[in-house]
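Open the structure in a viewer and keep the selection panel at hand. The stops below go from the whole chain to single elements.

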Amino acid sequence: MSAKSKAIGKNIERVFSEELNSTAPIVEDTRPSNLRILISIILSIVSLCGSIFCLHKYKYTNLSAEDGFEYNISILGFYVIFLCCIWFIVDIILMLIALQYLKEDTPGFVAIAILENQFFFKVVFSVLIYSILIKIILRVTSGDISGAEDEQVFENTAFAINEDKFSSFLLSAALFISIFLIERIILQFVNYRIHFMYYRDRIEENEKHIKYLQSLNRLTGVRINRDLTSWAKYVYDCISNGKEFLDVNDFKYYFGNQDGEDMFRMFDIDNSLSVTKDEFVSCYVSLFKEKQKLQSSLNENDECMKKLAIVLTFLAVVIASFLFFVTLGAKSQFTTIFGTLTGFVLPLSFVFGPVLSEMFQSILFIFSVRPFDIGDKITVGGSHYEVREMGLLYTTLTSDSRYHNFPNEKLRKEPVINLRKSMYITETYTKKFDYNSCKEKLDELSNEISKFLKENPKKYKSDFSISDYEILEKDVLKVEIRIKLSCPYQDIKAAKERKDFFTLFLHETIIRLGIEYK
């Protein structure tokens with residue numbers, strides 16, 4: 001065995017053993033435990049009692065600013081410990097909400113969003129509630145509910161500040177952070193939606209198939225030591241014992257009833273109750289390559305998500321800055337700065353406006369419609385391509401080793417056929433016959449086609465049609481013959497061979513029946 005064969009074999013084994021990686025937000029072991037909830041409850045009670053004690057200490061005792069250290073500790077302790085109290089209460093509420101949604105078999109996005117963004121949620125809600133409650137507490141303890149007095153936070157300390165300014169600052173900070181929290185949630189929702197709509201089932205199915213292929217590999221008793229196609233043939237020879245085809249009992253013999261039946265169905269794509277060597281090898285290779293394509297799709301999706309994150313972050317910075325200045329009462333300063341920037345950017349909008357509009361539509365196309373994925377074989381404008389890369393403005397397709405960059409705008413307007421989502425391809429043959437020579441023989445032609453399709457169940461579906469009759473001239477009849485080519489695992493080459501094979505059969509049958517072309 002050559003060093004090259006060993007290297008190829010090791011590479012194939014590495015692909016088999018690697019797990020599919022994705023950044024999709026999925027709940028695994030992140031659900032809060034009962035112990036954590038109990039600790040948060042205890043800490044919230046302790047901090048509440050501590051904040052009440054500190055409030056009583058500096059508001060209702062004889063302590064004053066002259067008392068120095070004890071006074072400062074009491075007043076600062078109240079504000080800090082009270083914030084901790086709110087923090088733990090918010091934490092408890094978020095954990096209970098998450099647990100409620102986690103009761104479902106498949107955790108919904110609400111649970112994922114809460115668990116993935118706990119820190120940000122706690123910061124936003126804690127600061128918002130804190131700013132409101134501090135104002136209420138100060139006014140109640142001062143005896144002036146209307147707030148007519150100029151009540152101060154951290155009064156008589158170096159940190160003394162008017163309560164309205166303090167509340168405005170906290171509100172500004174909370175709004176600033178909340179904008180970026182919303183951005184995170186939007187990105188997570190897009191990723192979550194893509195994962196559950198386009199990847200989850202594919203990943204689960206592929207993992208199952210790869211597990212079965214690894215079971216077949218172990219049955220050989222040796223390590224992979226050749227290229228993929230040769231190895232698939234070797235695996236078949238090991239389990240077939242010289243038979244021309246495998247049936248379900250062969251798989252049951254090696255892998256038991258349940259796994260044996262599942263593995264047989266995996267290879268018996270055409271439901272013919274038998275698996276030939278060519279069919280086995282083609283399926284084995286296709287399932288292996290599907291894992292590679294799926295991993296490439298996941299990697300490319302992660303890259304697209306990073307590009308989307310850049311766009312959303314830019315928008316979040318603008319919106320968050322505006323809200324921060326407005327709530328601080330500095331709207332005029334922000335308007336001046338924004339006006340200056342607008343005066344600079346506006347002339348450029350005439351240049352980049354169409355690009356931004358196209359980018360927005362492409363984002364919807366890539367992340368919402370998503371008619372194809374990396375590695376998919378698609379048909380656009382009657383030509384076959386493989387998807388190699390997806391960007392926010394362009395998609396790279398390959399055909400016959402040539403790379404084609406298609407604007408997403410064009411792909412949005414063109415009919416796209418995705419062969420990965422299709423188990424067969426419909427082919428239409430338009431024929432023009434002499435009316436007198438075919439009118440009595442169309443039924444015979446239909447019987448010949450039906451017989452041919454049934455004799456080749458691994459290549460064609462049995463249903464077909466001869467329809468759309470049209471009299472073009474006095475003695476010319478136009479008909480359309482539609483058949484379905486089996487195309488498992490996007491095998492374009494096999495589909496073309498089957499199309500050509502049927503084309504020759506159809507021509508020979510028409511000549512043999514004495515039907516004349518026009």
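Two residues are in contact here when heavy atoms of theirs lie within 4.5 Å. With that in mind, start with the whole protein chain, which is a predicted model. Among contacts between residues at least 6 apart in sequence, 69% join residues at least 24 apart.

**Whole chain.** Colour the protein chain by secondary structure: 15 helices and twelve strands should appear. The chain has 518 residues, and buried residues make up 42% of them. Switch on the surface next. The accessible surface comes to about 28,500 Å², and 58% of this belongs to carbon and sulfur atoms.

**Annotated segments.** Select residues 37-58, 78-99, 119-138, 169-190, 308-328 and 334-356, which an unreviewed UniProt entry annotates as "transmembrane region". Then keep residues 78-99 alone. This stretch is 100% helix and 0% strand, with its end C-alpha atoms 32 Å apart. Move on to residues 169-190, where the chain is 100% helix and 0% strand and the end C-alpha atoms are 32 Å apart.

**Ser44.** Select helix H2, residues 34-59, and find Ser44 in it. Is Ser44 buried or exposed? Its relative accessibility is 7%, so Ser44 counts as buried, the cut-off for buried being under 20%. Which residues is Ser44 in contact with, leaving aside its neighbours within four places in sequence? Show Cys85, Phe88, Ile89 and Ile92 to see these partners of Ser44.

**The open sheet.** Now go to the five strands that form an open sheet in the order E8-E7-E6-E5-E9, with antiparallel pairing. Which strands stand at the edges? They are strand E8 (402-407) and strand E9 (416-418); each has a single partner strand, so one side of each is left without a neighbour in the sheet. Turn the view to look across the strands: neighbouring strands of this sheet are turned by 40 degrees against each other on average, direction ignored.

Zoom in on strand E7, residues 394-399, beside E8. These two strands pair in the antiparallel sense over six bridges. To find one bridge, select Tyr394 and its partner in E8, Pro407.

**The helix on the sheet.** Finally, add helix H10, residues 277-327, which packs on the sheet. Helix H10 touches strand E5 (377-380) and strand E6 (383-390). Line up the view with E6 to compare directions: that of H10 makes about 55 degrees with that of E6.

Definitions and conventions:
Residues are numbered from 1 along each chain as its sequence is written. This is a predicted model: local features need pLDDT of at least 70, side-chain atom pairs count only at pLDDT 80 or more; totals for chains, interfaces and linings use all residues. Side-chain values use heavy atoms; hydrogens and water are left out. Two strands pair if DSSP finds at least two bridges between them. Helices (H or I, at least four residues) and strands (E, at least two) are DSSP runs, numbered from the N terminus. Axes are lines fitted to C-alpha atoms, for helices over the stretch in contact, and angles run from 0 to 180 degrees between N-to-C directions. Buried means under 20% relative accessible area, exposed over 50%, partly exposed in between (1.4 Å probe, protein chains only). UniProt positions are given in the numbering used here, feature names are shortened, and annotations may be inferred rather than shown by experiment. Accessible areas come from the Shrake-Rupley method with a 1.4 Å probe; for residues, only the protein chains shown count as cover.
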